[in-house]
Amino acid sequence: MIKFRVTFFAVILFSLHLQAQDTIPGLKGKVNISIAKGTMECNFILSNIPRINDYYIRLNSGMNIRYIKNPYGLNSLHYEKSLEDTLSTGEATAYYLKGYNAFRKFLPKAIQFSYVGMYPVIADTVSADDWKGNIAFNGNTIRTDGSQTAWYPILYDIKKDLKYDKVAYDIEVNCEDCKTIYLNGSVPVESKHANFKSDLPQELTMFAGNYKMIAINGNYFLNPDMDDDQIKEFEAIIHTYKSYFEKNLIIPYKGNAVYIQTTPVAKNVSWLYASYPSIVNIGFGDAGMKTFFDKKKGDRFKPYFAHELGHYYFGTYRDFNSELGDMISEGFAEYLSLTITQKLISDSVYKKVIESKLQSLHNFNSPPVPFAAVKSHNDYDNRDLYVYYYAPLIFTAIEKEIGEETMWKWLRSILQTPATFTNYNFLEQTLSRVLNDTAKFNLIRSKYFTADSVIKNVSATLGINNTIQTAVPAAQQVVKTYYFLISRPLLDAGSPDNRTILHTEILETTCTQAELFKKMQPVFIKMKESCQNEEGCTRDLNMYETLDKAKEAYQRWLKPFAGNPNFVIKTISL
Ligand SMILES: [Zn+2]
(Lines give C-alpha, C1' and ligand atoms only; values in the text may rest on other atoms or scores of the structure.)
Protein backbone atom coordinates (compact mmCIF):
# COMPACT_ATOMS: atom_id res chain seq x y z
CA MET A 1 0.00 0.00 0.00
CA ILE A 2 1.45 3.35 -0.96
CA LYS A 3 0.63 5.64 1.88
CA PHE A 4 1.95 8.94 0.70
CA ARG A 5 1.06 11.61 3.14
CA VAL A 6 0.76 15.26 2.22
CA THR A 7 4.05 16.58 3.47
CA PHE A 8 5.34 20.11 3.88
CA PHE A 9 7.48 19.88 0.80
CA ALA A 10 5.33 17.62 -1.31
CA VAL A 11 3.88 19.01 -4.48
CA ILE A 12 0.15 18.93 -3.81
CA LEU A 13 -0.77 17.53 -7.23
CA PHE A 14 1.62 14.64 -6.80
CA SER A 15 0.16 13.76 -3.42
CA LEU A 16 -3.41 13.98 -4.64
CA HIS A 17 -2.63 11.79 -7.58
CA LEU A 18 -1.13 9.08 -5.39
CA GLN A 19 -3.75 9.33 -2.68
CA ALA A 20 -6.49 8.95 -5.27
CA GLN A 21 -5.25 5.41 -5.91
CA ASP A 22 -5.50 4.60 -2.31
CA THR A 23 -8.56 4.19 -0.14
CA ILE A 24 -8.35 4.97 3.53
CA PRO A 25 -10.98 3.06 5.49
CA GLY A 26 -12.58 4.81 8.45
CA LEU A 27 -13.11 3.21 11.86
CA LYS A 28 -15.79 4.68 14.11
CA GLY A 29 -17.11 3.35 17.37
CA LYS A 30 -16.43 2.54 20.96
CA VAL A 31 -14.11 0.36 23.03
CA ASN A 32 -14.57 -0.40 26.73
CA ILE A 33 -11.49 -1.66 28.54
CA SER A 34 -10.71 -2.91 32.02
CA ILE A 35 -7.03 -3.27 32.82
CA ALA A 36 -7.89 -5.06 36.06
CA LYS A 37 -10.04 -7.70 34.33
CA GLY A 38 -8.16 -7.83 31.01
CA THR A 39 -11.26 -7.15 28.95
CA MET A 40 -11.94 -5.30 25.71
CA GLU A 41 -15.40 -4.83 24.33
CA CYS A 42 -15.65 -3.21 20.92
CA ASN A 43 -18.36 -1.94 18.67
CA PHE A 44 -16.99 -0.53 15.43
CA ILE A 45 -18.15 0.45 11.99
CA LEU A 46 -15.52 0.04 9.30
CA SER A 47 -16.46 2.32 6.40
CA ASN A 48 -15.07 3.62 3.12
CA ILE A 49 -14.18 0.04 2.30
CA PRO A 50 -12.46 -0.31 -1.09
CA ARG A 51 -14.29 -2.31 -3.74
CA ILE A 52 -12.32 -5.55 -3.78
CA ASN A 53 -13.55 -9.06 -4.54
CA ASP A 54 -11.18 -11.34 -2.72
CA TYR A 55 -10.39 -10.35 0.83
CA TYR A 56 -10.04 -11.33 4.44
CA ILE A 57 -10.81 -9.34 7.52
CA ARG A 58 -8.34 -10.06 10.28
CA LEU A 59 -9.42 -9.89 13.87
CA ASN A 60 -7.58 -10.98 17.00
CA SER A 61 -8.18 -14.65 17.76
CA GLY A 62 -9.04 -13.85 21.38
CA MET A 63 -12.08 -11.80 20.33
CA ASN A 64 -15.51 -13.45 20.39
CA ILE A 65 -17.91 -12.05 17.86
CA ARG A 66 -21.39 -10.99 18.95
CA TYR A 67 -22.36 -10.07 15.38
CA ILE A 68 -21.13 -8.73 12.08
CA LYS A 69 -23.65 -6.75 10.03
CA ASN A 70 -24.12 -4.06 7.47
CA PRO A 71 -24.77 -0.94 9.60
CA TYR A 72 -27.47 0.04 7.12
CA GLY A 73 -28.85 -3.50 6.80
CA LEU A 74 -31.42 -5.26 8.94
CA ASN A 75 -29.89 -8.60 9.85
CA SER A 76 -26.62 -9.99 11.13
CA LEU A 77 -24.55 -11.57 8.38
CA HIS A 78 -23.10 -15.08 8.20
CA TYR A 79 -19.34 -15.19 8.36
CA GLU A 80 -16.70 -17.86 7.81
CA LYS A 81 -13.14 -18.33 9.04
CA SER A 82 -10.35 -19.13 6.61
CA LEU A 83 -7.17 -21.06 7.35
CA GLU A 84 -5.58 -19.84 4.11
CA ASP A 85 -4.36 -16.47 5.41
CA THR A 86 -0.69 -17.29 5.06
CA LEU A 87 0.50 -13.84 6.09
CA SER A 88 -1.10 -13.93 9.48
CA THR A 89 1.34 -14.82 12.23
CA GLY A 90 -1.28 -16.59 14.28
CA GLU A 91 -2.60 -13.85 16.54
CA ALA A 92 -5.40 -12.99 14.15
CA THR A 93 -8.15 -15.06 12.58
CA ALA A 94 -9.13 -14.39 8.94
CA TYR A 95 -12.87 -13.87 8.44
CA TYR A 96 -15.03 -13.24 5.41
CA LEU A 97 -18.74 -12.77 4.81
CA LYS A 98 -20.41 -15.46 2.75
CA GLY A 99 -21.54 -14.28 -0.66
CA TYR A 100 -22.13 -15.19 -4.28
CA ASN A 101 -19.25 -13.64 -6.21
CA ALA A 102 -16.52 -15.75 -7.83
CA PHE A 103 -14.75 -16.00 -4.48
CA ARG A 104 -17.98 -16.79 -2.58
CA LYS A 105 -17.48 -13.57 -0.65
CA PHE A 106 -19.55 -10.48 0.10
CA LEU A 107 -18.01 -7.13 1.03
CA PRO A 108 -20.49 -4.39 1.96
CA LYS A 109 -19.40 -0.75 1.72
CA ALA A 110 -19.47 -0.55 5.51
CA ILE A 111 -19.38 -3.31 8.14
CA GLN A 112 -20.34 -3.18 11.78
CA PHE A 113 -18.54 -5.46 14.23
CA SER A 114 -19.49 -6.17 17.81
CA TYR A 115 -17.11 -8.36 19.78
CA VAL A 116 -15.56 -8.93 23.17
CA GLY A 117 -12.26 -10.39 24.37
CA MET A 118 -10.85 -11.35 27.74
CA TYR A 119 -7.09 -11.70 28.20
CA PRO A 120 -4.97 -12.85 31.13
CA VAL A 121 -3.74 -10.08 33.39
CA ILE A 122 -0.12 -11.01 34.08
CA ALA A 123 1.45 -8.79 36.71
CA ASP A 124 4.05 -11.32 37.88
CA THR A 125 5.78 -12.12 34.52
CA VAL A 126 4.63 -15.74 34.76
CA SER A 127 4.10 -15.91 30.98
CA ALA A 128 6.71 -17.88 29.01
CA ASP A 129 6.73 -15.24 26.30
CA ASP A 130 5.65 -11.81 25.22
CA TRP A 131 5.87 -10.30 21.74
CA LYS A 132 4.65 -7.49 19.51
CA GLY A 133 1.49 -9.29 18.46
CA ASN A 134 0.37 -9.88 22.04
CA ILE A 135 -2.46 -7.90 23.63
CA ALA A 136 -0.64 -7.53 26.94
CA PHE A 137 -2.24 -6.63 30.26
CA ASN A 138 0.64 -6.36 32.75
CA GLY A 139 -1.55 -5.42 35.73
CA ASN A 140 -0.92 -1.74 35.27
CA THR A 141 -1.57 -1.11 31.58
CA ILE A 142 -2.83 -2.54 28.32
CA ARG A 143 -0.31 -2.50 25.46
CA THR A 144 -1.31 -3.52 21.97
CA ASP A 145 0.02 -2.82 18.48
CA GLY A 146 -2.38 -2.48 15.55
CA SER A 147 -1.28 -4.57 12.61
CA GLN A 148 -0.15 -7.80 14.27
CA THR A 149 -2.65 -8.12 17.12
CA ALA A 150 -5.50 -6.91 14.86
CA TRP A 151 -7.53 -5.85 17.89
CA TYR A 152 -9.70 -3.91 15.43
CA PRO A 153 -10.89 -5.35 12.09
CA ILE A 154 -8.18 -5.11 9.42
CA LEU A 155 -9.11 -5.57 5.78
CA TYR A 156 -6.63 -7.46 3.60
CA ASP A 157 -6.67 -7.41 -0.22
CA ILE A 158 -5.42 -10.87 -1.18
CA LYS A 159 -4.71 -10.14 -4.85
CA LYS A 160 -2.60 -7.03 -4.17
CA ASP A 161 -1.08 -8.39 -0.94
CA LEU A 162 -2.16 -5.17 0.70
CA LYS A 163 -3.41 -4.72 4.24
CA TYR A 164 -5.52 -1.77 5.33
CA ASP A 165 -4.16 -1.63 8.86
CA LYS A 166 -3.94 2.16 8.82
CA VAL A 167 -7.31 3.77 9.29
CA ALA A 168 -8.82 7.21 9.83
CA TYR A 169 -10.68 7.02 13.11
CA ASP A 170 -13.27 8.44 15.47
CA ILE A 171 -13.10 6.25 18.55
CA GLU A 172 -14.40 6.58 22.08
CA VAL A 173 -12.25 4.76 24.65
CA ASN A 174 -13.65 4.09 28.12
CA CYS A 175 -11.46 2.58 30.80
CA GLU A 176 -12.78 2.99 34.35
CA ASP A 177 -9.56 1.68 35.93
CA CYS A 178 -7.17 3.78 33.79
CA LYS A 179 -5.64 7.18 34.50
CA THR A 180 -4.20 7.85 31.05
CA ILE A 181 -5.28 6.72 27.60
CA TYR A 182 -3.35 6.92 24.37
CA LEU A 183 -4.28 5.90 20.84
CA ASN A 184 -1.67 6.16 18.08
CA GLY A 185 -1.64 9.49 16.33
CA SER A 186 -3.64 11.39 18.97
CA VAL A 187 -2.56 13.40 21.98
CA PRO A 188 -2.64 11.20 25.12
CA VAL A 189 -5.43 12.06 27.53
CA GLU A 190 -5.31 11.95 31.34
CA SER A 191 -8.83 10.67 31.89
CA LYS A 192 -10.93 7.50 32.12
CA HIS A 193 -12.74 8.50 28.93
CA ALA A 194 -11.42 9.87 25.69
CA ASN A 195 -12.67 10.55 22.22
CA PHE A 196 -9.93 10.26 19.65
CA LYS A 197 -10.19 11.45 16.08
CA SER A 198 -7.73 11.32 13.20
CA ASP A 199 -8.25 12.03 9.52
CA LEU A 200 -4.72 10.86 8.84
CA PRO A 201 -4.58 7.08 8.57
CA GLN A 202 -2.92 5.44 11.58
CA GLU A 203 -2.10 1.94 12.70
CA LEU A 204 -3.84 1.69 16.06
CA THR A 205 -1.20 1.04 18.68
CA MET A 206 -2.84 1.64 22.08
CA PHE A 207 -1.39 2.15 25.55
CA ALA A 208 -3.71 2.84 28.47
CA GLY A 209 -3.53 2.43 32.22
CA ASN A 210 -1.92 3.95 35.26
CA TYR A 211 1.10 5.88 34.14
CA LYS A 212 2.39 9.42 34.07
CA MET A 213 3.18 11.38 30.95
CA ILE A 214 5.58 14.20 30.15
CA ALA A 215 5.58 16.45 27.09
CA ILE A 216 8.74 18.10 25.78
CA ASN A 217 8.77 20.19 22.59
CA GLY A 218 5.56 18.49 21.52
CA ASN A 219 6.96 14.98 21.97
CA TYR A 220 5.27 12.84 24.59
CA PHE A 221 6.92 10.40 26.98
CA LEU A 222 4.49 7.87 28.45
CA ASN A 223 5.47 6.02 31.61
CA PRO A 224 9.11 7.21 31.32
CA ASP A 225 11.90 5.52 33.30
CA MET A 226 14.20 8.51 32.66
CA ASP A 227 14.39 11.59 34.87
CA ASP A 228 13.40 15.00 33.51
CA ASP A 229 16.94 16.01 32.53
CA GLN A 230 17.49 12.72 30.75
CA ILE A 231 14.21 13.11 28.87
CA LYS A 232 15.31 16.56 27.69
CA GLU A 233 18.66 15.24 26.55
CA PHE A 234 17.07 12.20 24.92
CA GLU A 235 14.69 14.44 23.01
CA ALA A 236 17.56 16.66 21.84
CA ILE A 237 19.64 13.69 20.64
CA ILE A 238 16.68 12.07 18.87
CA HIS A 239 16.03 15.40 17.20
CA THR A 240 19.49 15.26 15.60
CA TYR A 241 18.76 11.73 14.27
CA LYS A 242 15.46 12.82 12.79
CA SER A 243 17.01 15.93 11.23
CA TYR A 244 19.72 13.78 9.64
CA PHE A 245 17.15 11.51 7.99
CA GLU A 246 14.94 14.44 6.96
CA LYS A 247 17.88 16.26 5.38
CA ASN A 248 18.98 13.26 3.36
CA LEU A 249 15.64 11.72 2.45
CA ILE A 250 13.95 15.12 1.98
CA ILE A 251 10.82 13.76 3.64
CA PRO A 252 9.91 15.38 6.96
CA TYR A 253 8.46 13.46 9.88
CA LYS A 254 4.79 14.13 10.14
CA GLY A 255 3.76 14.79 13.72
CA ASN A 256 5.72 14.61 16.95
CA ALA A 257 6.81 11.29 18.38
CA VAL A 258 5.27 9.53 21.37
CA TYR A 259 7.76 7.42 23.33
CA ILE A 260 6.27 4.62 25.37
CA GLN A 261 8.18 2.73 28.05
CA THR A 262 6.50 -0.37 29.43
CA THR A 263 7.29 -3.81 30.81
CA PRO A 264 6.58 -7.23 29.29
CA VAL A 265 4.49 -10.02 30.83
CA ALA A 266 7.44 -12.46 30.57
CA LYS A 267 10.89 -12.37 32.14
CA ASN A 268 14.02 -11.75 30.10
CA VAL A 269 12.35 -10.51 26.93
CA SER A 270 12.68 -7.01 25.56
CA TRP A 271 12.18 -5.33 22.22
CA LEU A 272 11.35 -2.07 20.53
CA TYR A 273 8.88 -1.36 17.79
CA ALA A 274 7.72 1.67 15.93
CA SER A 275 4.36 2.55 14.57
CA TYR A 276 5.06 6.21 14.08
CA PRO A 277 4.34 8.49 15.88
CA SER A 278 4.55 5.78 18.60
CA ILE A 279 7.96 4.34 19.45
CA VAL A 280 7.49 1.64 22.04
CA ASN A 281 10.21 0.18 24.26
CA ILE A 282 9.28 -2.96 26.15
CA GLY A 283 11.72 -4.15 28.78
CA PHE A 284 12.74 -4.22 32.42
CA GLY A 285 15.76 -2.52 34.04
CA ASP A 286 18.71 -2.53 31.66
CA ALA A 287 16.37 -2.97 28.74
CA GLY A 288 14.50 0.22 29.67
CA MET A 289 14.86 3.50 27.77
CA LYS A 290 17.20 4.99 30.37
CA THR A 291 19.93 2.63 29.13
CA PHE A 292 20.32 5.31 26.43
CA PHE A 293 22.43 7.11 29.06
CA ASP A 294 24.37 4.14 30.36
CA LYS A 295 28.11 4.82 30.04
CA LYS A 296 28.91 1.28 28.96
CA LYS A 297 25.83 0.21 27.05
CA GLY A 298 24.44 3.52 25.80
CA ASP A 299 26.25 3.71 22.47
CA ARG A 300 25.06 0.22 21.58
CA PHE A 301 21.50 1.02 22.69
CA LYS A 302 21.09 4.33 20.82
CA PRO A 303 21.13 2.70 17.35
CA TYR A 304 17.95 0.77 18.27
CA PHE A 305 16.11 4.08 18.39
CA ALA A 306 17.65 5.13 15.09
CA HIS A 307 16.35 1.86 13.63
CA GLU A 308 12.83 2.59 14.90
CA LEU A 309 12.99 6.16 13.57
CA GLY A 310 14.03 4.62 10.25
CA HIS A 311 10.75 2.72 10.26
CA TYR A 312 8.94 6.03 9.86
CA TYR A 313 10.13 5.84 6.27
CA PHE A 314 10.31 2.09 5.79
CA GLY A 315 7.02 1.10 7.39
CA THR A 316 4.83 4.14 8.01
CA TYR A 317 5.53 6.48 5.10
CA ARG A 318 5.51 3.46 2.85
CA ASP A 319 4.54 -0.14 3.41
CA PHE A 320 6.40 -2.90 1.60
CA ASN A 321 4.85 -6.14 0.43
CA SER A 322 5.77 -9.28 -1.56
CA GLU A 323 8.41 -11.85 -0.61
CA LEU A 324 11.09 -9.15 -0.19
CA GLY A 325 8.90 -6.65 1.70
CA ASP A 326 10.02 -7.76 5.16
CA MET A 327 13.70 -7.63 4.10
CA ILE A 328 13.24 -4.15 2.58
CA SER A 329 11.50 -2.72 5.70
CA GLU A 330 13.89 -4.19 8.24
CA GLY A 331 17.05 -4.14 6.11
CA PHE A 332 16.77 -0.45 5.24
CA ALA A 333 15.66 0.56 8.77
CA GLU A 334 18.80 -1.17 10.03
CA TYR A 335 20.91 0.40 7.28
CA LEU A 336 19.57 3.84 8.30
CA SER A 337 20.46 3.04 11.90
CA LEU A 338 24.02 2.21 10.76
CA THR A 339 24.33 5.61 9.07
CA ILE A 340 23.34 7.31 12.35
CA THR A 341 25.77 5.10 14.27
CA GLN A 342 28.61 6.13 11.98
CA LYS A 343 27.82 9.84 11.69
CA LEU A 344 26.25 10.75 15.03
CA ILE A 345 27.10 8.09 17.63
CA SER A 346 30.57 6.65 17.24
CA ASP A 347 32.66 5.57 14.29
CA SER A 348 34.34 2.88 16.39
CA VAL A 349 30.97 1.45 17.45
CA TYR A 350 29.96 1.53 13.78
CA LYS A 351 33.04 -0.46 12.77
CA LYS A 352 32.47 -2.98 15.55
CA VAL A 353 28.81 -3.43 14.62
CA ILE A 354 29.64 -3.94 10.94
CA GLU A 355 32.34 -6.45 11.82
CA SER A 356 30.17 -8.39 14.26
CA LYS A 357 27.29 -8.45 11.79
CA LEU A 358 29.63 -9.91 9.21
CA GLN A 359 30.84 -12.57 11.65
CA SER A 360 27.23 -13.46 12.51
CA LEU A 361 26.59 -14.44 8.90
CA HIS A 362 28.50 -17.65 9.62
CA ASN A 363 25.43 -18.76 11.56
CA PHE A 364 23.49 -19.34 8.35
CA ASN A 365 23.03 -23.09 7.92
CA SER A 366 23.68 -22.78 4.20
CA PRO A 367 24.75 -19.81 2.07
CA PRO A 368 21.87 -17.28 2.07
CA VAL A 369 19.63 -17.17 -1.00
CA PRO A 370 20.52 -14.00 -2.96
CA PHE A 371 17.78 -11.36 -3.30
CA ALA A 372 17.14 -12.22 -6.95
CA ALA A 373 16.37 -15.86 -6.11
CA VAL A 374 14.03 -15.31 -3.15
CA LYS A 375 10.66 -16.77 -4.12
CA SER A 376 9.00 -16.80 -0.72
CA HIS A 377 9.57 -15.66 2.83
CA ASN A 378 10.84 -19.18 3.64
CA ASP A 379 13.89 -18.55 1.46
CA TYR A 380 15.24 -16.19 4.15
CA ASP A 381 16.12 -19.44 6.01
CA ASN A 382 17.09 -17.58 9.18
CA ARG A 383 14.84 -14.50 9.09
CA ASP A 384 16.68 -12.47 11.73
CA LEU A 385 20.06 -13.04 10.10
CA TYR A 386 18.68 -12.30 6.66
CA VAL A 387 16.85 -9.04 7.40
CA TYR A 388 18.94 -7.51 10.24
CA TYR A 389 22.45 -8.68 9.25
CA TYR A 390 22.75 -9.86 5.66
CA ALA A 391 20.58 -7.15 4.01
CA PRO A 392 21.98 -4.04 5.79
CA LEU A 393 25.54 -5.21 5.11
CA ILE A 394 24.71 -5.47 1.41
CA PHE A 395 23.26 -1.95 1.48
CA THR A 396 26.38 -0.69 3.27
CA ALA A 397 28.57 -2.30 0.59
CA ILE A 398 26.44 -0.77 -2.18
CA GLU A 399 26.82 2.62 -0.49
CA LYS A 400 30.60 2.18 -0.70
CA GLU A 401 30.31 1.38 -4.41
CA ILE A 402 27.94 4.16 -5.49
CA GLY A 403 28.66 6.86 -2.89
CA GLU A 404 26.49 8.26 -0.13
CA GLU A 405 24.69 10.80 -2.28
CA THR A 406 23.51 8.27 -4.86
CA MET A 407 22.61 5.87 -2.06
CA TRP A 408 20.23 8.47 -0.57
CA LYS A 409 18.76 8.95 -4.04
CA TRP A 410 18.11 5.21 -4.25
CA LEU A 411 16.42 5.23 -0.85
CA ARG A 412 14.22 8.14 -1.92
CA SER A 413 13.34 6.29 -5.10
CA ILE A 414 12.39 3.17 -3.11
CA LEU A 415 10.18 5.30 -0.90
CA GLN A 416 8.50 7.26 -3.68
CA THR A 417 8.26 5.13 -6.82
CA PRO A 418 4.68 3.89 -7.19
CA ALA A 419 4.38 0.09 -7.45
CA THR A 420 1.76 -2.50 -6.54
CA PHE A 421 4.40 -5.04 -5.50
CA THR A 422 7.67 -4.00 -3.88
CA ASN A 423 9.43 -7.15 -5.07
CA TYR A 424 12.85 -7.89 -6.55
CA ASN A 425 12.00 -6.21 -9.87
CA PHE A 426 11.04 -3.09 -7.97
CA LEU A 427 14.38 -3.11 -6.14
CA GLU A 428 16.29 -3.51 -9.43
CA GLN A 429 14.28 -0.91 -11.30
CA THR A 430 14.67 1.77 -8.66
CA LEU A 431 18.43 1.21 -8.48
CA SER A 432 18.96 1.06 -12.22
CA ARG A 433 17.00 4.29 -12.73
CA VAL A 434 18.98 6.09 -10.05
CA LEU A 435 22.35 4.85 -11.32
CA ASN A 436 21.50 5.50 -14.97
CA ASP A 437 24.67 3.59 -15.86
CA THR A 438 24.14 0.10 -17.24
CA ALA A 439 27.66 -1.14 -16.58
CA LYS A 440 27.63 0.04 -12.98
CA PHE A 441 24.17 -1.39 -12.40
CA ASN A 442 25.17 -4.77 -13.85
CA LEU A 443 28.22 -4.84 -11.61
CA ILE A 444 26.16 -4.11 -8.46
CA ARG A 445 23.54 -6.63 -9.46
CA SER A 446 26.02 -9.41 -10.12
CA LYS A 447 28.03 -8.77 -6.94
CA TYR A 448 25.19 -8.30 -4.45
CA PHE A 449 21.86 -9.46 -5.87
CA THR A 450 22.53 -12.59 -7.89
CA ALA A 451 25.95 -14.00 -6.94
CA ASP A 452 26.47 -17.13 -4.85
CA SER A 453 29.37 -15.33 -3.21
CA VAL A 454 27.52 -12.23 -1.97
CA ILE A 455 29.07 -12.46 1.51
CA LYS A 456 32.58 -12.67 0.08
CA ASN A 457 31.91 -9.64 -2.13
CA VAL A 458 30.48 -7.68 0.81
CA SER A 459 33.55 -8.53 2.93
CA ALA A 460 35.90 -7.43 0.17
CA THR A 461 34.06 -4.14 -0.39
CA LEU A 462 33.90 -3.35 3.31
CA GLY A 463 37.56 -4.35 3.71
CA ILE A 464 36.84 -6.87 6.46
CA ASN A 465 38.23 -10.38 6.37
CA ASN A 466 35.76 -13.12 5.86
CA THR A 467 36.72 -15.21 8.86
CA ILE A 468 35.32 -18.53 7.67
CA GLN A 469 38.81 -19.31 6.42
CA THR A 470 40.52 -18.34 9.68
CA ALA A 471 37.97 -20.16 11.83
CA VAL A 472 38.75 -23.53 10.29
CA PRO A 473 42.51 -23.53 10.97
CA ALA A 474 41.83 -22.52 14.60
CA ALA A 475 39.75 -25.67 15.01
CA GLN A 476 42.66 -27.64 13.57
CA GLN A 477 45.23 -26.35 16.04
CA VAL A 478 46.44 -28.72 18.72
CA VAL A 479 45.67 -27.04 22.03
CA LYS A 480 45.14 -27.89 25.66
CA THR A 481 41.39 -27.83 26.38
CA TYR A 482 39.40 -28.12 29.62
CA TYR A 483 35.94 -29.49 29.04
CA PHE A 484 32.90 -31.02 30.64
CA LEU A 485 29.67 -32.55 29.39
CA ILE A 486 26.25 -31.83 30.76
CA SER A 487 22.91 -33.33 29.84
CA ARG A 488 19.67 -31.63 30.90
CA PRO A 489 15.97 -32.22 30.15
CA LEU A 490 15.08 -30.88 26.71
CA LEU A 491 11.64 -29.76 27.86
CA ASP A 492 9.63 -29.00 30.99
CA ALA A 493 12.71 -29.21 33.23
CA GLY A 494 11.92 -30.00 36.88
CA SER A 495 8.64 -31.84 36.25
CA PRO A 496 8.44 -35.43 37.59
CA ASP A 497 9.18 -36.97 34.17
CA ASN A 498 11.98 -34.57 33.24
CA ARG A 499 14.26 -34.12 36.21
CA THR A 500 17.57 -35.83 35.56
CA ILE A 501 20.84 -33.93 35.12
CA LEU A 502 23.92 -35.90 34.05
CA HIS A 503 27.36 -34.36 33.97
CA THR A 504 31.03 -35.22 33.90
CA GLU A 505 33.75 -33.66 36.04
CA ILE A 506 36.07 -31.14 34.37
CA LEU A 507 38.38 -33.07 32.07
CA GLU A 508 41.53 -32.11 30.21
CA THR A 509 42.86 -33.03 26.80
CA THR A 510 45.46 -31.86 24.30
CA CYS A 511 44.26 -32.30 20.74
CA THR A 512 42.47 -30.41 17.97
CA GLN A 513 38.83 -29.41 18.41
CA ALA A 514 37.89 -31.75 15.59
CA GLU A 515 39.58 -34.66 17.38
CA LEU A 516 37.76 -33.84 20.61
CA PHE A 517 34.39 -33.81 18.81
CA LYS A 518 35.27 -37.16 17.25
CA LYS A 519 36.20 -38.59 20.63
CA MET A 520 32.91 -37.38 22.09
CA GLN A 521 30.67 -39.00 19.48
CA PRO A 522 30.39 -42.41 21.25
CA VAL A 523 29.83 -40.55 24.55
CA PHE A 524 26.99 -38.56 22.97
CA ILE A 525 25.41 -41.79 21.75
CA LYS A 526 25.75 -43.36 25.21
CA MET A 527 24.18 -40.26 26.80
CA LYS A 528 21.28 -40.35 24.37
CA GLU A 529 20.66 -44.05 25.05
CA SER A 530 20.77 -43.64 28.81
CA CYS A 531 18.61 -40.50 28.82
CA GLN A 532 16.13 -40.71 31.68
CA ASN A 533 14.02 -37.67 30.77
CA GLU A 534 10.81 -38.53 28.99
CA GLU A 535 10.99 -35.63 26.52
CA GLY A 536 14.69 -36.12 25.76
CA CYS A 537 18.07 -34.86 26.97
CA THR A 538 20.42 -32.14 25.79
CA ARG A 539 24.08 -32.98 25.14
CA ASP A 540 26.24 -29.95 25.83
CA LEU A 541 30.00 -30.04 25.36
CA ASN A 542 31.60 -27.03 27.03
CA MET A 543 35.21 -26.21 26.20
CA TYR A 544 37.60 -23.68 27.78
CA GLU A 545 41.19 -22.57 27.36
CA THR A 546 41.93 -22.39 31.08
CA LEU A 547 41.00 -24.41 34.14
CA ASP A 548 39.74 -21.27 35.92
CA LYS A 549 37.31 -20.46 33.14
CA ALA A 550 36.13 -24.07 33.08
CA LYS A 551 35.55 -24.07 36.87
CA GLU A 552 33.62 -20.82 36.71
CA ALA A 553 31.40 -22.12 33.90
CA TYR A 554 30.94 -25.46 35.66
CA GLN A 555 29.52 -23.71 38.74
CA ARG A 556 27.31 -21.51 36.59
CA TRP A 557 25.87 -24.47 34.66
CA LEU A 558 25.07 -26.50 37.75
CA LYS A 559 23.82 -23.66 39.95
CA PRO A 560 20.15 -23.76 38.85
CA PHE A 561 19.95 -27.49 39.75
CA ALA A 562 22.19 -27.94 42.80
CA GLY A 563 20.16 -28.34 45.99
CA ASN A 564 16.89 -28.09 44.08
CA PRO A 565 14.63 -31.02 45.11
CA ASN A 566 13.00 -31.02 41.69
CA PHE A 567 16.18 -32.35 40.10
CA VAL A 568 18.28 -35.50 40.39
CA ILE A 569 21.93 -34.81 39.64
CA LYS A 570 24.23 -37.65 38.65
CA THR A 571 27.91 -37.58 37.82
CA ILE A 572 29.10 -39.82 35.03
CA SER A 573 32.60 -40.90 34.11
CA LEU A 574 33.75 -41.44 30.57
ZN1 LIG B 1 12.58 -3.07 12.70
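Pro277 sits in the loop between β20 (271-275) and β21 (278-282); helices here are DSSP runs of H or I with at least four residues, strands are DSSP runs of E with at least two, and both are numbered from the N terminus. A cis peptide bond joins Tyr276 to Pro277, with omega at about 10°. The model is a predicted one, in which local features need pLDDT of at least 70, side-chain atom pairs count only at pLDDT 80 or more, and totals for chains, interfaces and linings use all residues. Residue numbers start from 1 along each chain as its sequence is written.

Two other spots in the backbone also catch the eye. Most residues other than glycine have a negative phi, and most peptide bonds are trans. Asn48 has a positive phi, near 50°, although it is not a glycine, and it belongs to the loop between β2 (39-47) and β3 (55-60). Ala150, not a glycine either, has a positive phi of about 50° and is placed in the loop between β10 and β11 (154-157). How crowded these residues are can be put in numbers: a residue is buried if 20 or more other C-beta atoms lie within 10 Å of its own, exposed if 12 or fewer do, and partly exposed in between, with C-beta atoms placed from the backbone. Asn48 counts as partly exposed because 14 other C-beta atoms lie within 10 Å. Ala150 has 27 C-beta neighbours inside 10 Å, so it counts as buried.

Now for the chain as a whole. The protein chain has 13 helices and 26 strands. A compact globule of 574 residues would have a radius of gyration near 25 Å, and the 27 Å of the protein chain agrees with that; the radius is taken over C-alpha atoms, and the globule rule is 2.2 Å times the number of residues to the power 0.38. Along its principal axes, the C-alpha trace spans about 80 × 65 × 60 Å. Of the 574 residues, 37% count as buried. Two residues are in contact if their C-beta atoms, placed from the backbone, lie within 7 Å. Among contacts with a separation of 6 or more, 66% come from residues 24 or more positions apart. The domain assignment gives domain 1 (12-211), domain 2 (364-475) and domain 3 (477-571), with bounds that come from an automatic or database domain assignment. The centres of domain 1 and domain 2, taken over C-alpha atoms, are separated by 36 Å.

One open sheet is made of 4 strands in the order β9-β10-β16-β14, with antiparallel pairing. The strands β9 and β14 (180-183) stand at the edges with a single partner each, so one side of each has no neighbour in the sheet. Strands count as paired if DSSP finds at least two bridges between them. At one edge, β9 pairs with β10 (residues 141-144) over 2 bridges in the antiparallel sense, and Phe137 stands opposite Ile142 in β10. At the other, 4 bridges join β14 to the antiparallel strand β16 (residues 206-209), where Tyr182 stands opposite Phe207. In a regular strand the side chains alternate between the two faces of the sheet. In β14, Thr180 and Tyr182 point one way and Ile181 and Leu183 the other way, and all are buried.

Just before β9 comes a loop that starts after β8 (111-118), and Asp129 is found in that loop between β8 and β9 (136-137). Asp129 counts as exposed because it has 10 C-beta neighbours inside 10 Å. Leaving aside neighbours within four places in sequence, Asp129 is in contact with Ala266 and Val269.

Helix α5 (residues 347-360) has 14 residues that should span 20 Å at 1.5 Å a residue, and its end C-alpha atoms are 20 Å apart, which agrees; the expected span is 1.5 Å times one less than the number of residues. Val353, Ile354, Lys357 and Leu358 are buried in α5. Seen down the helix axis, the buried residues of α5 fall within an arc of 130°, so they line one face; the arc is that of the directions from the helix axis to the C-beta atoms. The face turned away from this buried side carries the exposed residues Ser348 and Ser356. The buried residues of α5 pack against α4 (325-345), α6 (383-402) and α10 (454-462).

In α10, the buried residues are Val454, Ile455 and Val458. They cover an arc of only 95° around the axis, which puts them on the same side of α10. What covers them includes α6 and α9 (438-450). After α10 comes Gly463, with a positive phi near 70°.
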